[in-house]
Amino acid sequence: MTAADDGNMTDQIRQIIRDHARLAGDVDALPADADLYSAGMTSHASVNVMLALEDHFDVEFPDRMLTRSVFESIASIEAALIELRSEAAVS
Amino acid sequence: MSISVDRDQAFLDAIRLIADDVSAPNSDSVDREARFPIESIEALRGERALSAALPTELGGGGVSFGAIAAGCFELGRRCGSSAMVFAMHQIKVITLMRHLDDAPWFSEYLARVAEEQRLVASVTTEIGTGGDMGRSIAAVTPTDDGMRTFEKQAPVVSYGAHADDHFVTLRRAPDSEASDQVIVLALKDQLELEPKGTWDPLGMRGTCSPGFVVRATVAPEQVLPAPFSTVMAESMVPVTHILWSHLWLGIATDAFDRARAFVRASAKRTPGETPPAAIRLSHLMSELSPLRSEVRSALEDFVKASEDPSREWLSTMQAAVRFNNLKVAAADQAPRVCQSAMGVCGIVGFKNDTPYSVGRHLRDTMSASLMIANERIHQTNASLLLIAKDV
């Protein structure tokens with residue numbers, strides 16, 4: 001268990017988006033399924049989001065997950081993190 | 001032999017003939033006068049080469065991507081500007097062709113490209129974006145009568161004045177973020193091109209690429225429905241880098257061939273002795289060889305990834321790094337090869353009017369690291385390498 005296990009995962013992702021995605025608009029107002037790239041996240045900013053997520057949740061995204069579709073919304077990021085954790089739990 | 005192999009062979013035979021008989025004899029005047037290589041393009045139209053990549057159902061030649069790349073290489077050996085115009089046209093056609101889902105207007109348009117051998121140019125770079133194709137300022141703006149209009153300030157539009165139609169990147173709507181982009185295909189009779197500035201560059205002089213203010217009003221269905229990021233990752237970026245690098249390899253290969261011809265001529269004058277330039281030619285070969293390997297392996301990777309119907313790998317960071325690396329490596333290496341060829345040939349290579357002249361080759365390939373600036377691509381790769389694992 002890490003500190004990242006405490007609290008709501010969606011909120012933690014939202015905080016990372018707020019800190020690293022450099023969106024012009026209000027992150028709190030963004031629906032979980034809103035397209036982050038359409039909301040102004042550049043490819044460069046998305047890399048910073050990925051690094052921050054890896055650091056915060058103590059995971060490593062494998063190459064197959066490093067695609068635009070995995071990081072396009074808060075919901076898709078959450079799904080990827082849940083998948084990674086269940087894999088880690090099995091192994 | 002299968003039908004597709006026959007088609008590829010026939011296409012390449014025709015391209016080689018055009019390269020030798022039309023592009024080569026005009027290459028000096030195209031370069032000297034910075035004029036559009038109209039003879040090459042008309043000859044390519046005559047062979048229906050502008051639609052060679054399109055499927056036969058759309059009236060195209062059904063030629064493989066590998067053969068199109070080889071065509072860029074062959075033209076590059078004879079006239080860099082002709083090859084660049086051909087390559088840039090193919091990049092647009094192939095990109096559209098790979099993203100026709102729910103886009104009936106575009107299917108009909110490509111059939112027109114085949115029927116009328118229309119030449120397609122692109123308006124991707126924009127003043128104010130610092131050369132970043134992933135951002136746009138100009139936006140698709142709805143008009144009162146249901147049409148879409150835009151005005152884009154383009155610092156360069158390759159063969160802009162000579163193209164029939166323009167492939168334009170724009171923001172999706174006036175209130176969209178800079179990275180929320182779409183592709184619009186504007187037809188010649190819908191376009192207004194206001195020239196800005198002149199065209200007197202160091203190399204690739206026949207591409208005739210001054211700046212323009214580009215304005216057009218188009219129908220809503222002329223906005224490509226496929227998501228921009230998918231189009232870029234699966235097609236536009238890899239196809240661009242592969243076709244460009246093939247023509248740069250073509251130019252570098254001709255510089256090598258000229259250097260070899262020079263060494264052979266001097267060896268014949270002094271039988272029994274290896275001329276000093278022969279050693280330099282061997283060094284030159286060792287510079288050309290890795291360029292050739294990189295260009296060929298990138299083509300193989302792309303063709304293999306495209307055989308998968310999901311084209312999944314092309315959207316990975318690994319693929320982005322791979323094709324970015326092709327671009328920077330080829331753009332760095334091609335002018336090096338040409339400069340070394342000049343070192344082999346000496347003064348007769350430096351002069352513009354000998355059979356061993358490689359000045360145009362050097363100048364043309366020097367454009368490579370500027371077309372989508374290498375430093376920008378290194379910047380992108382630098383950030384991708386922070387996160388990608390297996391590269």
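Here's a quick briefing on a chain contact, a helix pair and some strand pairing in this structure. Keep in mind that the model is predicted. Chains A and B touch through 16 residues from chain B and 16 residues from chain A. Beyond that, chain A offers a helix pair, α1(A) and α3(A), with axes 10 Å apart, and chain B has an open sheet of three strands.

**Where the chains meet**
- On the chain B side that touches chain A, the elements giving two or more residues are α8 (317-345) and α11 (374-387) of chain B.
- The top contributor to that side is α11(B), with four residues.
- If you sort the chain B side by residue character, you get five nonpolar, seven polar and four charged.

**A helix pair in chain A**
- Helix α1 (residues 9-20) and helix α3 (residues 74-90), both of chain A, pack at an angle of about 120°.
- That angle falls outside the roughly perpendicular range of 65 to 115 degrees and isn't over 145, so α1(A) and α3(A) count as oblique to each other.
- The crossing of α1(A) past α3(A) is right-handed.
- From α1(A), the contact uses A:M9, A:T10, A:I13, A:R14 and A:I17, and these meet A:I74, A:I77, A:E78 and A:L81 of α3(A).
- By character, the residues of this contact split into six nonpolar, one polar and two charged.

**The three-stranded sheet in chain B**
- Its strand order is β1-β4-β5 (chain B), and the pairing is mixed.
- At the edges sit β1 (120-123) and β5 (181-186) of chain B, each pairing on one side only.
- From one strand to the next, the twist averages 25°.
- Strand β4 (residues 165-171) of chain B pairs with β5(B) over six bridges, in the antiparallel sense.
- Within β5(B), B:V182 is the residue opposite B:L170.
- Helix α4 (residues 80-97) of chain B lies across β1 and β4 of chain B, and runs at about 85° to β1(B).

**Strand β7(B) and its partners**
- Side chains alternate along strand β7 (residues 211-218) of chain B: B:F212, B:V214, B:A216 and B:V218 are buried and point to one face.
- The other face of β7(B) gets B:G211, B:V213, B:R215 and B:T217, which are not buried.
- Strand β3 (residues 148-154) of chain B runs antiparallel to β7(B), joined by seven bridges.
- B:A154 sits opposite B:F212 in β7(B), and B:F212 is one of the buried residues.
- Strand β6 (residues 191-196) of chain B is also antiparallel to β7(B), with six bridges between them.
- B:E192 has B:R215 of β7(B) as its bridge partner, and B:R215 points to the face that isn't buried.

How values were computed:
Residues numbered from 1 in each chain as written. Chains lettered and ligands numbered in written order. Predicted model: local features only at pLDDT ≥ 70, side-chain atom pairs only at ≥ 80, totals over all residues. Contact = placed C-beta atoms within 7 Å. Nonpolar A, V, L, I, M, F, W, Y, C, P; charged D, E, K, R; others polar. Axes fitted to C-alpha atoms, helices over the stretch in contact; angles between N-to-C directions. Parallel < 35°, antiparallel > 145°, perpendicular 65-115°, else oblique. Left-handed = near helix turned anticlockwise from the far one by under 90°. Pairing = 2+ DSSP bridges. Buried ≥ 20, exposed ≤ 12 C-beta atoms within 10 Å, placed from the backbone.
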